[in-house]
Amino acid sequence: EEWAFLEICKQYLVWRKAGFTELKVSINISGHRLRQQDFSTFIERTLNDLDLSPSFLIFEIVIIRWRK
């Protein structure tokens, strides 16, 4: 998920440079990843490193339950 998030941010920069400044990007995040302690730190660090505002992001939380 970290690789995918980084690639999404890089692609957003390409779109923004091309003039698409009003885009929103939706990203699926697993419930498992969301519960990990370093999740918010990773998001914040990546956005800071790429000089991006989080305002273009929409997080969709994916929760899967398995029944036996």
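# Aromatic pairs in a predicted chain

The secondary structure of the chain comes to 3 helices and 2 strands, where helices (H or I, at least four residues) and strands (E, at least two) are DSSP runs numbered from the N terminus. This is a predicted model, in which local features need pLDDT of at least 70, side-chain atom pairs count only at pLDDT 80 or more, and totals for chains, interfaces and linings use all residues. Residues are numbered from 1 along each chain as its sequence is written, and side-chain values use heavy atoms, with hydrogens and water left out.

User: In which pattern do the helices and strands follow along the sequence?

Analyst: The chain holds 3 helices and 2 strands. Read along the sequence, these elements follow the pattern α-β-α-α-β.

User: How many aromatic pairs does the structure hold, and what is the angle between the planes of Tyr12 and Phe56?

Analyst: Rings of Phe, Tyr and Trp (its six-membered ring) pair if their centres lie within 6.5 Å, and planes under 30 degrees apart count as stacked, over 60 as edge-to-face and the rest as tilted. The structure holds 4 aromatic pairs. One of them joins Tyr12 and Phe56, a stacked pair at 3.9 Å centre to centre, with an angle between the planes of 15°.

User: How many residues apart are Tyr12 and Phe56?

Analyst: Tyr12 belongs to helix 1 (residues 2–17), while Phe56 sits in the loop between helix 3 (39–49) and strand 2 (57–62). The pair therefore links distant parts of the chain, and Tyr12 and Phe56 are buried, with relative accessible areas of 6% and 2%. Here buried means under 20% relative accessible area, exposed over 50%, and partly exposed in between (1.4 Å probe, protein chains only). Along the chain, Tyr12 and Phe56 are separated by 44 residues.

User: Which parts does the pair of Phe39 and Phe59 tie together?

Analyst: Phe39 and Phe59 form an edge-to-face pair, at 6.1 Å centre to centre and 70° between the planes. Because Phe39 lies in one element and Phe59 in another, the pair ties together parts 20 residues apart in sequence. Those parts are helix 3 and strand 2.

User: Is Phe59 buried or partly exposed?

Analyst: Its partner Phe39 is buried, with a relative accessible area of 11%. Phe59 has 36% relative accessibility, and so counts as partly exposed.

User: Which residues do ring pairs link into a cluster?

Analyst: The pair of Phe39 and Phe59 is edge-to-face. Ring pairs link these residues with two further ones into a cluster, made up of Phe5, Phe39, Phe42 and Phe59.
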